[in-house]
Amino acid sequence: MEALFSGVELLMRWDVALALFIGSIGGVIIGAIPGVGAAVAIAILLPATFSLDPIVGLTMLLGIYGSSMYGGALPAILINTPGTAVNALTTYDGYPMTKRGEARRALALAYSASFWGGIFGILCLIFLSPVLALIAPHFGSREIFLAALLGIILVVLAHRGQVFAAGGLAGFGILLHTVGLDTKYNQRMTFEQTWLTGGFDLIVVVLGLFALSQAFLLLTEKDSSPHPQPVEGSLFTAMKEMWLYKRVATMASGFGVLMGMIPGVGEFTAQFMSYTYARRTSKTPEAFGEGAPEGLIASEAANNAVPAAAMIPLLALGIPGEALTAMMLSVFYVHNVIPGPQLFQTQLDFVYALYIAMILLNVIVIIFLIFSTNMLTKIIQVPTRFLGMVILILSFVGVYSLRNSVVDCAIASGFGVLGLVLKRLNLPIVPIVLGMVLGGIMEVKLRSAMIRVKHPLDFVDRPIAAILAVLIVLVILMHIRTLRKEHKARLSEAEIDHDIHDSQTR
Amino acid sequence: MIKAQTLQDLFKRYRRPGDLFYSIISIVFSLFLAFNLRSETTWVSNTKLFAQPAFWPYAAVGTMVLFSTLHLVSSLVSPKLEGRWQEVGFWLRSVEYAGWFMIYVIIVPQLGYLLTTVLFAVALCLRLGYRGAKFLGSAAVFAVAVVVIFKTLLQVKVPGGAIYELLPTALRSFFLTYF
C-alpha cells in the first residue's frame, strides 16, 4: 500500500500531468490520421524524451501507445481505412454500420469497447503484479535467454505466410546488434569502416524503419485526402449499448491480455481469436462482416487490452514483445532504470505510477473523444503527401538530435528505403527491431548462463527453464502440425487475410 | 511434374510484385556476409563456443542464409507476378526523398535550424505540387512550430547555424540558444 501511495506521489507533478495530456490526446490524433501510427510518433519523440525524467518520458510514450488505437477506430469506421494497422478488423463491421447510417452507434461502441479493453488490461496487470514479483526473481540468465529465444521464434512464426522473410529479417536484426566492437574490443563485421565501429544505434534504425520509411512512402505515392462525414448526436448516450455486449468485450479483452503477454504475438492474433470467438458464439454469425456490433466490439476490446499486457514481459523480465515496447526499453536504459526481476523489488512505486498513468490516460481519452470526434474528422483530411513532408521534418529532430551525426542520418535514410521496400512488399519490419533488441539480450544472458552449465541438460534443470524449453519445442511442433493440416486441407491463399502483416509495418 | 507441384504447394504463399527481386538481393547479401564471416570476426583461444565473439555473427548470418534461400525457393516456384520493374522503379523513386532529407541535414549547421526548416518545408511542398498559399503558409507555420517546440522549449540538441556568426553579439547568443 505504501508503494501505491508513493506511486501516486510520483505522478503528482505538473510535468507528468502535461506529459499525460500531450501523450494521450496526441496519441488519439496520431492514431486517427491514416498513415501515421503510434510507432512513427514514438520513434520521433524517443530522443526528445531522453532529456526528461523517466516517469515523464514514459508517461508520454505510454499515452501515445495506449491511445492511438482509440483514434485509429475513427477512420476505420467512417472511411473504411484503419488509422493504425491494428484497427484493420474494425473496418469489417464498423464501415458497414456507417453505410447503414449508424456511424454514431459504431463509434460509440468502438470507443466504449476500447475503454473496456484498456481498463481490463490494466486491472489484469495490477492484479498480476504480486504474482510477477514472486515469479520474476526466479528468472536467471538462462530463463531470460530462453524467454528471449521464444520471443524471436514467436515473432517469426506469427507472420503466417511470410515466415521465411520474417526469419531472414530477424537474423538481420541479430546481425545488426553484433556489428562493431564487442565487450573485449574485438571488431565484428566492420569491414574496416570506421563508421561501423560504433555499431548500429537502435533508435537510428527504428527511426529509419518506421518514421522515415513512412515519410518516403507517403511522399512517393499518389496524393489522397479522405473526406469523412461529420457525426451527429451524442456519443455518450450511445455508449450505454456496450453493456449489452459485456460478455464479448470481456472475453475479447481476455484474449488481448493473454496474447499481449506473450512476446512476439500481440494485437493481431488477439483480434483474430476474439473475432472468431465472437462469431462462433453469436446468435447472428451471418451478420459478421456486414456490420455486427459484436464483431466491432471484439476487435476494439482485444487490441486495447494489449498495451497493458505487453508491459508485463517488459517490466518483469526486461524482454520487449513488440516494436513499441522495444523502443520504450531504450528510455528505461537511458535513465538507468533496468526493467527486470529487480524492478518489482526495488522500484515498485515506479511500476504502480505507470499503472495509474495508464488508467488516467484511458479516462482522458474517452472524455476527449466524446467531445472532439467531429474535430478529428477534419484533422484526418490532411493530404497524404503533405503528411509525408511533416513526418520527414519531425524525423530529422529524432535522428539528428541524438548525436548531431550526419552518418546517423545517412544510416537512418538507408533503413528508411529498406522499410519502404518491406512495406510495399507487405513484409514485416518488427523482426528486425526485435532481432536487434533480443539478440543483445540473448548474447549477454547466454554467456553468463553457460558459466554454470557443465552438461547441456544443466541448462534446463530449473523448473522455469524447463517449461520455457518445452514451450519452444511445442511452439515449433504446433507450427509444423498447422502447416501439415493446412496443406492437407488445401487452404487457398485467398482464404488467409494477409492484411494482418500490414498492421505490423506501420 | 508431381514433385514440382508438391514443391509449389509447400512453398506457395502470398506475394506482391518485386518479391523475386527482393529475394535475390536478400540471398546475395546474405552470401556476401557469409563469405566474409571468417575475416570479419575473431575466434579467441581458450574461450567456450557460446562466449566466442564470432558466435552470434555466425548464428545471425547462418539464419539469414537459411531463410533467404527458402524465401528465394518459394519465390521461384510461385506464379509470376506482373509489375516487377514498375515496383522496383517505385523503390528507386523514393531515393529522391532520401536525398532531400540528407540535403536538409547538411544545410542545418550552415543556415541554422529555423531558416533551413522553413525553407525546406516550403521547397518540398513546391516539389510535391502544392502551389496554393494555404499549403505553403501551413508548411512554413508548421516548420516554425517544430523549431519552437523542439529547440526553444524542449532544448533538443541541434547545433546553431554558421550564419548566426554574422549576427550582432546579443542576437547571436539568443539565436544559438533558441533557434
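# A tour of chains A and B

Start with chain B: the centres of its domain 1 and domain 2, taken over C-alpha atoms, are separated by 43 Å. Colour residues 2-82 for domain 1 and residues 95-178 for domain 2 to bring up the two parts. Keep in mind as you go that this is a predicted model.

**Stop 1: the whole of chain B**

Show chain B as a cartoon. You will find 7 helices and 0 strands, so to speak a plain α-α-α-α-α-α-α pattern along the sequence. How does its radius of gyration compare with the globule rule? The value is 26 Å, well over the 16 Å that the rule gives for 179 residues, so chain B is more spread out than a compact globule. Turn the C-alpha trace along its principal axes and the spans come to about 80 × 55 × 25 Å. Buried residues account for 30% of the 179 residues in chain B. If you draw contacts within chain B between residues at least 6 apart in sequence, 68% of them join residues at least 24 apart.

**Stop 2: helices α2 and α3 of chain B**

Select residues 55-77 of chain B, which form helix α3. At 1.5 Å a residue, its 23 residues should span 33 Å, and the end C-alpha atoms are indeed 33 Å apart. Now show side chains for the buried residues of α3(B), among them B:Trp56, B:Met64, B:Phe67, B:Ser68 and B:His71.

Two of those, B:Ser68 and B:His71, lead to the next selection, since both touch B:Ser26. Look for B:Ser26 in helix α2 of chain B, residues 19-40. Is B:Ser26 buried or exposed? It is buried, because 24 other C-beta atoms lie within 10 Å, and 20 or more are needed for that label. Its contacts beyond four places in sequence also include one from the other chain, A:Gly168. For a longer view, draw a C-alpha to C-alpha distance from B:Ser26 to B:Gly129: the two are 103 residues apart in sequence and 35 Å apart in space.

Move on to the loop between α2 and α3 of chain B, where B:Asn46 sits. Its phi is near 60 degrees, a positive value in a residue other than glycine. With 4 C-beta neighbours inside 10 Å, B:Asn46 counts as exposed.

**Stop 3: the whole of chain A**

Hide chain B for a moment and show chain A. This chain has 22 helices and 2 strands. Its radius of gyration is 22 Å, close to the 23 Å from the globule rule for 506 residues, so chain A is as compact as a globular protein of that length. Along the principal axes, the C-alpha trace of chain A spans about 65 × 60 × 50 Å. Buried residues make up 61% of the 506 residues. Of the contacts in chain A between residues at least 6 apart in sequence, 80% join residues at least 24 apart.

**Stop 4: a bent helix in chain A**

Select residues 103-135 of chain A to pick out helix α6, which has 33 residues. From first C-alpha to last it reaches 46 Å, close to the 48 Å expected at 1.5 Å a residue. Where does α6(A) bend? Centre on A:Ser129: the helix bends there by about 45 degrees, and a proline, A:Pro130, follows within four residues.

**Stop 5: where the chains meet**

Bring chain B back. Here 57 residues of chain A are in contact with 61 residues of chain B. On the chain A side, helices that each supply at least two residues include α3 (38-49), α8 (163-178) and α10 (202-220). Also among them are α18 (384-403), α19 (406-424) and α20 (430-450). Which of chain A's helices gives the most? Highlight α18(A), with 11 residues. Coloured by type, the chain A side divides into 32 nonpolar, 17 polar and 8 charged residues.

Step into the loop between α18 and α19 of chain A to find A:Asn404. Its phi is near 50 degrees, again a positive value in a residue other than glycine. A:Asn404 is partly exposed, with 15 other C-beta atoms within 10 Å.

Finish in helix α19 of chain A at A:Leu420, which counts as buried with 29 C-beta neighbours inside 10 Å. Leaving aside neighbours within four places in sequence, A:Leu420 is in contact with A:Ser213, A:Phe216 and A:Leu217, and across the chains with B:Trp91 and B:Ser94. One last distance: A:Leu420 and A:Thr220 are 200 residues apart in sequence, yet 10.0 Å apart in space, C-alpha to C-alpha.

Terms used: Residues numbered from 1 in each chain as written. Chains lettered and ligands numbered in written order. Predicted model: local features only at pLDDT ≥ 70, side-chain atom pairs only at ≥ 80, totals over all residues. Expected span 1.5 Å × (residues − 1). Bend = angle between axes of the 7 residues up to and from the residue. Domains from an automatic or database assignment. Contact = placed C-beta atoms within 7 Å. Nonpolar A, V, L, I, M, F, W, Y, C, P; charged D, E, K, R; others polar. Buried ≥ 20, exposed ≤ 12 C-beta atoms within 10 Å, placed from the backbone. Rg over C-alpha atoms; globule rule 2.2 N^0.38 Å.
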